[in-house]
Amino acid sequence: MSVKKYGVVQGRLLQQVGDHIQNFPIENWRDEFRIAYDVGATHIEWSDKRPALYDNPIRYISRDYVASLEVPISGICVDSIMELDAGVNGSARLKVLCDAASHALRVGVGRLIIPLLERASVRN
């Protein structure tokens, strides 16, 4: 019998922050890892969604800290790319992706999720 694995998108196990379902839970993000463990989740997909993008802990937590979490971070969803104005040029979008990749590598997360919708649609 195989063991089923499932993960959660960060912010979905906590009280909603603001008026968007997927805002980063800046005040209590650590609690979500314990809750995820308690409900049997096998990983969390980290979000860099604004308004907390520049305060997002992925910018300053250590690889050792990430390794000590109750469930691993399976990837970083670069939700912040959807927040850029449609008129923002490609180099600004590339900088957001490069920054996210740099933080992912630094903390040992090997996957970036790039949402290609809303303002980040391939049509924009």
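This report covers the fold, the sheet, the aromatic residues and the nonpolar cores of one protein chain. The model is a predicted one.

**Overall layout**

The chain has 124 residues, and 40% of them are buried. Its secondary structure consists of three helices and four strands. Read from the N terminus, the elements follow the order β-α-β-α-β-α-β. Among contacts with a separation of 6 or more, 66% join residues 24 or more positions apart. The accessible surface is about 7,400 Å². Carbon and sulfur atoms account for 53% of that surface.

**The sheet**

The four strands form an open sheet in the order E1-E2-E3-E4, with parallel pairing. E1 (7-9) and E4 are the edge strands, and each pairs on one side only. Helix H1 packs on this sheet and touches E1, E2 and E3. The direction of H1 makes about 160 degrees with that of E2.

Strand E3 spans residues 73-77, and five of its five residues are buried. On one side, four bridges join E3 to strand E2 (residues 43-47), and the two run parallel. Two bridges join E3 to strand E4 (residues 112-113), again in parallel. Ile76 takes part in both pairings. Its partner in E2 is Trp46. Its partner in E4 is Leu112.

What does Ser74 touch, leaving out residues up to four places away in sequence? Ser74 sits in strand E3. The residues it touches are His43, Ile44, Glu45, Val109 and Arg111. Val109 is 35 residues from Ser74 along the chain, yet their C-alpha atoms are separated by 6.7 Å.

**Aromatic residues**

The chain holds five aromatic pairs. Two of them are set out below.

| Pair | Geometry | Centre to centre | Angle between planes |
|---|---|---|---|
| Trp29 and Tyr65 | edge-to-face | 6.1 Å | 70 degrees |
| Phe33 and Trp46 | tilted | 6.2 Å | 40 degrees |

Why does the pair of Trp29 and Tyr65 tie together parts that are 36 residues apart in sequence? Trp29 lies in helix H1 (residues 29-38) and Tyr65 lies in helix H2 (residues 63-68), so the ring pair connects these two helices. The two partners differ in cover. Trp29 has 2% relative accessibility, so it counts as buried. Tyr65 has a relative accessible area of 29%, and it is therefore partly exposed. The limits behind these labels are under 20% for buried and over 50% for exposed.

The pair of Phe33 and Trp46 also links distant parts of the chain. Phe33 belongs to helix H1 and Trp46 to strand E2, 13 residues apart. Both Phe33 and Trp46 are buried.

These four residues belong to one aromatic cluster, which is made up of Phe24, Trp29, Phe33, Trp46 and Tyr65.

**Nonpolar cores**

The largest nonpolar core has 18 residues. Which residues have the most contacts inside it? They are Phe33, Trp46, Ile61 and Ile73. H1, E2, E3 and helix H3 (90-107) each supply at least two residues of this core. H1 gives the largest share, three residues. Apart from this core lies another, of seven residues, including Met82, Leu84, Val96 and Leu97. As a general trend, nonpolar side chains tend to be buried together in soluble globular proteins.

**Trp46 in context**

Trp46 recurs throughout this picture. It is bridged to Ile76 in E3, paired with the ring of Phe33, and named among the residues with the most contacts inside the largest core. Leaving aside neighbours within four places in sequence, Trp46 is in contact with a long list of residues. Aromatic members of that list are Phe24, Trp29 and Phe33. From the E3 stretch come Ile73, Gly75, Ile76 and Cys77. The remaining contacts are Gln10, Asn56, Pro57, Ile58 and Ile61.

How values were computed. Residues numbered from 1 in each chain as written. Predicted model: local features only at pLDDT ≥ 70, side-chain atom pairs only at ≥ 80, totals over all residues. Heavy atoms only, no water. Buried < 20%, exposed > 50% of the residue type's maximum accessible area, 1.4 Å probe, protein only. Pairing = 2+ DSSP bridges. Contact = heavy atoms within 4.5 Å. Areas by Shrake-Rupley, 256 points an atom, 1.4 Å probe, with all protein chains shown as cover. Phe/Tyr/Trp six-rings, centres within 6.5 Å; stacked < 30°, edge-to-face > 60°. Core = buried A, V, L, I, M, F, W, Y, C linked by side-chain atoms within 4.5 Å. Axes fitted to C-alpha atoms, helices over the stretch in contact; angles between N-to-C directions.
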